[in-house]
Amino acid sequence: MAELRAALGPEGVLDDPDVLASYRRDMMPLAPAGVPRAVALPADADQVRAVVRACAAAGAPIVPRGAGSGLSGAANAVDGCVVLATTRMNRILEIDPDNRLAVVEPGVVNLDLRHAVEKHGLFYPPDPSSYDWCTIGGNLSTNAGGLCCVKYGVTTDSVLGLDVVLADGSLLRTGRRTVKGVAGYDLTRLFVGAEGTLGVITSATLALRPLPQAPATLVAAFGSTAAAASAVTRIVRAGLIPSLMEIMDRASILAVERNLKTELGAGGGSAALLLCQSDSGGEAARREIAAIERICADAGSELVHWTADLAEGRMLMAARRAVLPSLEVYGSWLTDDVCVPRTRIADLINGCEAVGERHGLLVAVVGHAGDGNMHPTIVYDPESEEQFARARRAFDEILELGLSLGGTITGEHGVGKIKREWLEREIGPVGLGVHRAIKAALDPGNLFNPGSMFAAE
């Protein structure tokens, strides 16, 4: 503690028990969480290096943390650890419009970066639902996704290079500033999605895109999830790449309509709602949306409506982003993020409904239809231990369902401390052995985020 205070100053080290409690866990209620010994708030890379060296010498584990918006327990503390929170490292170091890149520290809020680069006519695509408060460092550590993944990919698709502090306190620079580059192993992608188990990211060089055109927005209501899923498959098969393609099941629709006191065009008992946007602009966007409209009608849509009006489009998308807050009307929620082949979306939604019925719980499904990444959300009474236990069983059954449909246990939230046992089931013993070998090579003392993603031994 003395070394930490010497390196960071009194304002950079927190050890008040009440304050420590607020740094114990992220937004996943099922994941275990310990009690940290201290919270370190470094202001730059040199201070991160000092924290790492002090903790390594003392044998104190380090749990890197961003804003705490994660949904896998990846930033949850372990007993006696130092939580290394990067929120003070919140500078945008460079915006280079000519080379379409930005260099940022990990504490920069996602939406703040978006607003900053928009002034230069540029666009940073990754947009997690918590983009108004989650930080770039957390997005990098979990390889976060968002609503626009169908066209622009996940976080790693926008990363050119990283600065990372390793377990011995040295600073590793990965990647490049050029559009192309294949020299050596792709270490950048190794650290993106590593959930803080291999090092602490202190800056990132991010690729930017030209600012998209104002979007045209379409909503289509379907009498069955099978019809909605068929429309998704047909849209993809037709070679259309909307900038956004989201699906909401009946439970999600009803929750939003009740909470926002509005109708989404599906109040007549529709089983699924498909939301699409095209940011191609002008006539190109109209052609793309018109083609999607025809496909939805051919797939059996009960109602199709599209608009180029920005205010109306924002209203429709606000309904999509309001799903989780709307479910809070019924109780606490925990959300999963299994990803399945697009052709199995209907099977997953119907299977989740069956899981909910089996356990006597509301399970609502909303997700990114364009890439098959679904978010089954289980609603339960947090005051009832019995309901909490049922919610946990339902959570695991949904993971089992996702794997049985040829999917993965996580599309964008990460493994963290909640899905450790499921990682081996997905990747197998050989894959897990490779993970452990990489961890042992870069972090032989198991300093960084021990017990997250997988056990070191």
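This tour moves through a predicted model, from an annotated domain to a salt bridge and then to three helix pairs.

**The annotated span**

Begin by selecting residues 32-211. An unreviewed UniProt entry places the feature "domain: FAD-binding PCMH-type" at these positions. Within the model, the span is 22% helix and 24% strand, and the C-alpha atoms at its two ends lie 41 Å apart.

**A salt bridge between two loops**

Next, select R91 and E105 and display their side chains. The two residues form a salt bridge in which the closest N and O atoms are 2.8 Å apart. R91 belongs to the loop between β4 (82-85) and β5 (92-96), and E105 to the loop between β6 (101-104) and α4 (110-118), so the pair ties together parts that are 14 residues apart in sequence. A search of the whole structure finds 20 salt bridges.

**Helix α8 against α10**

Now select helix α8, residues 225-237, together with helix α10, residues 282-298. Their axes come within 9 Å and cross at roughly 140 degrees. An angle over 145 degrees would count as roughly antiparallel; α8 and α10 are therefore described as oblique to each other. The crossing of these two helices is right-handed.

To inspect the contact, show A231, R234 and I235 on the α8 side, and I292, I295, C296 and D298 on the α10 side. The residues of this contact comprise five nonpolar and two charged, with no polar ones.

**Helix α8 against α13**

Keep α8 selected and add helix α13, residues 345-359. Here the axes are 8 Å apart and the packing angle is about 150 degrees. The two helices are therefore roughly antiparallel to each other, and α8 passes α13 in a right-handed crossing.

Which residues of α8 make the contact with α13? They are T225, A226, A229 and V232, and their counterparts in α13 are I345, A346, I349 and N350. The residues of the contact divide into six nonpolar and two polar, with none charged.

**Helix α14 against α15**

Finally, select helix α14, residues 385-404, and helix α15, residues 420-442. The axes of this pair come within 11 Å and cross at roughly 15 degrees, which makes α14 roughly parallel to α15. The crossing of α14 and α15 is right-handed.

Display R392, D396, L399, E400 and L403 in α14; these meet E421, W422, R425 and E426 in α15. How many residues of this contact are charged? There are six charged residues, alongside three nonpolar and no polar ones. Colouring the displayed side chains by residue class will bring out this division.

Terms used:
Residues numbered from 1 in each chain as written. Predicted model: local features only at pLDDT ≥ 70, side-chain atom pairs only at ≥ 80, totals over all residues. Heavy atoms only, no water. Axes fitted to C-alpha atoms, helices over the stretch in contact; angles between N-to-C directions. Helix = DSSP H or I, 4+ residues; strand = E, 2+ residues; numbered from the N terminus. Parallel < 35°, antiparallel > 145°, perpendicular 65-115°, else oblique. Left-handed = near helix turned anticlockwise from the far one by under 90°. Contact = heavy atoms within 4.5 Å. Nonpolar A, V, L, I, M, F, W, Y, C, P; charged D, E, K, R; others polar. UniProt positions renumbered as here; feature names shortened; annotations may be inferred. Salt bridge = Lys/Arg side-chain N within 4 Å of Asp/Glu carboxyl O.
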